[in-house]
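Please find below a short note on the packing of this chain. It is set out as numbered points for use at the bench.

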Amino acid sequence: MAKVAIVYWSGSGNTEAMAQAVEEGAKSAGAETFLSFVSDTSAADISAYDHIILGCPAMGNEELEEYEFEPFFDELLPQMKGKKVGIFGSYAWNQGDWIKTWKERMGRGRRDAGCRSCESLQLSR
């Protein structure tokens, strides 16, 4: 059985709702899941999972949330060797370039850390 960690940051509840939907989908596919708000877990705890799904909305100038999520992501990135990783988030402006940038960062980090894959899910209102 796949063990899937889903970690998210949400300010308005939109990304939290998405994280819950991702968890439902993973459970319906037979996975064992762990769902957590980013400040309620650690990178060390999450690195124990084979499948990691991260969610964060676009903030400010098309960036990840900087006080909780960005430090968590920076700490987790070098620990992703051999992991399957997915990213998702929400936005209501621009073209969603922030998730493309995030995926590129994952790609650079993935090559350095040896991650197996990174996929992104992009939804807008």
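1. Contact here means heavy atoms within 4.5 Å. By that criterion, and leaving aside residues up to four places away in sequence, Phe73 touches Leu54, Leu64, Trp102, Arg105 and Met106.

2. The model is predicted: local features need pLDDT of at least 70, side-chain atom pairs count only at pLDDT 80 or more, and totals for chains, interfaces and linings use all residues. Residues are numbered from 1 along each chain as its sequence is written, and side-chain values use heavy atoms, with hydrogens and water left out.

3. Helix α1 (helices being DSSP runs of H or I, at least four residues, and strands runs of E, at least two, numbered from the N terminus) covers residues 14-28. Its buried residues (under 20% relative accessible area; exposed is over 50%, partly exposed in between; 1.4 Å probe, protein chains only) are Thr15, Met18, Ala19, Val22, Glu23 and Ala26. These residues cover an arc of only 145° around the axis (taken from the directions from the helix axis to the C-beta atoms), which puts them on the same side of α1. Glu24 and Ser28, on the other side, are exposed.

4. After α1 comes Gly30, with a positive phi near 95°.

5. Which residue lies over the face of Tyr49? Lys3 does, at 5.2 Å from the ring centre; the criterion is NZ of Lys or CZ of Arg within 6 Å of the ring centre and within 35 degrees of the ring normal. Tyr49 counts as buried, at 14% relative accessibility, whereas Phe34 counts as partly exposed at 28%.

Technical notes. The expected span of a helix is 1.5 Å times one less than its number of residues.
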